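Reader: I'm new to this, so could you take me through one part slowly? I'd like a close look at the cysteines, with enough of the whole chain to place them.

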Amino acid sequence: MDVNATVTCPEYSHEEEQDTDILNGHKLRFLNLQLAEEVGTALRCNLKPVVIGGDCAILPGVLLGCRHYSGPVALVHIYGHSDFRHPGNWKRRPGSRPGAAAGMDLALVTGRGEALLTEWPGIEGPLVYDAAVIQLGERELFLEDYEWPDIGDTDILRISIFDALALSDIELTDMIFGRLDAFTEIPYWIHLDLDVLDGTEMAAVDCPGTPGLSSQRLENICRTLFRHTHCCGISVTIFDPDLDPEGTSARLVSCIISNITGSSRCST
């Protein structure tokens, strides 16, 4: 197989599609089905996929590929936002634009949202169950207009950026493995959205913010998680090259991915 496979994204549109309140919903379903095939193929070849995508709307596809290969899967969701928008906490107003799946990814993979992006061939129930999810990095939960407070009513383990910054790297990974150890019979996937980095170090993302992790801390945490035998792969998203005309952030992202996966070693 081609170890550097590319899944071509369909043309992005700002126009609404029929029978969905999700922007590019039908196109995203097609894209995620294609991505699932690639991830499943890599896993069957005993590879640990590293998926570099556009935004987090690719998360259903990578988890679907894992599910088809190994059955149940856990998820470490490392992200500056929980992305838990779903019909229970959001309703599209008449005449307003469709919602972006990039703000719904954690809700979608836990089975909340339109069937278009929550129901998948060969899978009963959600792609991942709440109790098998660790969400690390949320920085907005104390805002008065926090969009999805109902995530607090779920069994998802939530480690805010404020909690993370108060812990050492070892304490933080121990907390994550404390939840993953309840699911030792299943593999886990890491989803890394680069806006979890502090905005002073990574501005080339759609929603940079502070506080956030440093690149060194992010590498340390993700390297420990990625190199564990139960990890089946990692997806890395949301870097925007249009916001990085000098290529500075691109070099940082390249080093972060290399240092996490061990493909090479470079200085960040």
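**The cysteines and their chain**

Author: Let's start with the whole chain: it has 7 helices and 6 strands, where helices (H or I, at least four residues) and strands (E, at least two) are DSSP runs numbered from the N terminus. Bear in mind that this is a predicted model, where local features need pLDDT of at least 70, side-chain atom pairs count only at pLDDT 80 or more, and totals for chains, interfaces and linings use all residues. Residues are numbered from 1 along each chain as its sequence is written, and side-chain values use heavy atoms, leaving out hydrogens and water.

Along the sequence, the pattern goes α-β-α-β-α-β-β-α-α-β-α-β-α. Of the 268 residues, 51% are buried; buried means under 20% relative accessible area, exposed over 50%, and partly exposed in between (1.4 Å probe, protein chains only).

Now for the cysteines. A disulfide is a covalent bond between the sulfur atoms of two cysteines. Here, a pair of cysteine sulfur atoms within 2.5 Å counts as one, and that rule gives 0 disulfides.

Take Cys45: its closest cysteine sulfur belongs to Cys66, and at 14 Å that's too far for a bond. Cys45 is partly exposed, because its relative accessibility is 41%.

Cys56 tells a similar story about bonding: the closest cysteine sulfur sits in Cys207, 9.7 Å away, so that's too far for a bond. As for cover, Cys56 has 0% relative accessibility, so it counts as buried.
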